[in-house]
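Please walk through this fold one element at a time, beginning with a single side chain and widening the view from there.

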Amino acid sequence: MISFADFGLAPSVVETLRLHGIKEATPVQERAIPAVRAGRDVIVQAQTGTGKTLAFLLPIFEKIKAQADVAQALVVTPTRELAIQIAKVAGRLGEAAGITSLVIYGGQDIERQKQKLRRHPQLIIGTPGRLLDHLRRGTIDLSHVNKFVLDEADEMMKLGFIEDVELLLHEVADDRQFMLFSATMPDRVRGLAKAYMKAPEEIII
């Protein structure tokens, strides 16, 4: 097993992980972190509970420019529960790395979300419907987002959100890095990857 210190992460990030009892990388983290760090598009097939959240958040936090007041990374999830779960991890890492994040999902007060968006979070985590709602209102700018994560893509397909995901992909920067995580790989999800990815590295755990 590789320790997070072996990855050469910032000492403050390694210490934050240690304080939460996380010292060694899981297989998905061991394989995905170097690929994401290298700027590759990735397709990661791994079950829930394998540690995929850190597999994309850790290398993304390394790439975000802390001094820039624009959203640079977007994580799209099928459910508010997953969005909240990822946001908790991002919040802890953000404190260590000096990076701000915001979680957006339906059911929250949209006016409060608009106020928080005006503070220019660098990482946004959200569900497709509410993200598109903000786009239509002109209250969110994704044009500088060059790191796009689609988590639980197969669940996204089951809930009928794939078209929404495609709309979001058209709003982010042209040179974006696309990371797709899914427990299974239905044809519709594979088709999405084929249409929007450039020579992706495929990782199956």
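In this predicted model, Q29 is in contact with F4, F7, E24, P34, G51, L54 and A55, once its neighbours within four places in sequence are left aside. Q29 belongs to helix α2. Its relative accessibility is 3%, and the cut-off for a buried residue is under 20%, so Q29 counts as buried.

Helix α2 covers residues 27–37 and lies across three strands, β1, β6 and β7. Relative to β7, helix α2 runs at about 170°. Two of these strands, β1 (residues 42–45) and β6, pair with each other in the parallel sense, over four bridges. Within that pairing, Q45 has S182 in β6 as its bridge partner. Another helix, α5 (residues 110–117), also packs on the sheet, where it touches β3 and β4 (123–126). The direction of α5 makes about 160° with that of β3.

The sheet itself can now be taken as a whole. It is open and is formed by seven strands, in the order β3-β4-β2-β5-β6-β1-β7, with parallel pairing. At the edges stand β3 (101–104) and β7 (201–204); each has a single partner strand, so one side of each is left without a neighbour in the sheet. From one strand to the next, the twist averages 15°.

The next element is helix α1, residues 11–19, which holds T16. T16 has 16% relative accessibility and therefore counts as buried. Apart from neighbours within four places in sequence, the contacts of T16 are R92 and A96. Both of these residues are in α4, where R92, L93, A96 and A97 meet S12, V13, T16 and L17 of α1. By class, this contact of α1 with α4 has five nonpolar, two polar and one charged residues.

Two packed helices are described by the angle between their axes and the distance between the axes. For α1 and helix α4 (residues 80–97), the angle is about 145° and the axes are 8 Å apart. Their crossing is right-handed.

A second helix pair consists of α6 (residues 128–137) and α8 (residues 162–169), whose axes come within 10 Å and cross at roughly 40°. Angles under 35 degrees would count as roughly parallel; α6 and α8 are therefore oblique to each other. The crossing of α6 and α8 is left-handed. On the α6 side the residues in contact are P128, L131, L132 and L135, and these meet D164, L167 and L168 in α8. Sorted by class, the contact of α6 with α8 has six nonpolar, no polar and one charged residues.

How much of α8 is buried, and what covers it? Six of its eight residues are buried, so α8 is largely enclosed by the rest of the structure. The buried residues are I162, D164, V165, E166, L168 and L169. Two of them, D164 and L168, also take part in the contact with α6. The cover over the buried residues of α8 includes the strands β2 (73–76), β5 (147–150) and β6 (177–182), together with the helices α6, α7 (153–158) and α9 (187–196). Strand β6 thus returns here: it is part of the cover of α8, it pairs with β1, and α2 lies across it.

Notes. Residues are numbered from 1 along each chain as its sequence is written. This is a predicted model: local features need pLDDT of at least 70, side-chain atom pairs count only at pLDDT 80 or more; totals for chains, interfaces and linings use all residues. Side-chain values use heavy atoms; hydrogens and water are left out. Axes are lines fitted to C-alpha atoms, for helices over the stretch in contact, and angles run from 0 to 180 degrees between N-to-C directions. Helices (H or I, at least four residues) and strands (E, at least two) are DSSP runs, numbered from the N terminus. Angles under 35 degrees count as roughly parallel, over 145 as roughly antiparallel, 65 to 115 as roughly perpendicular and the rest as oblique. A crossing is left-handed if the near helix is turned anticlockwise from the far one by less than a right angle, and right-handed if clockwise. Contact means heavy atoms within 4.5 Å. Ala, Val, Leu, Ile, Met, Phe, Trp, Tyr, Cys and Pro count as nonpolar, Asp, Glu, Lys and Arg as charged, and the others, Gly among them, as polar. Buried means under 20% relative accessible area, exposed over 50%, partly exposed in between (1.4 Å probe, protein chains only). Two strands pair if DSSP finds at least two bridges between them.
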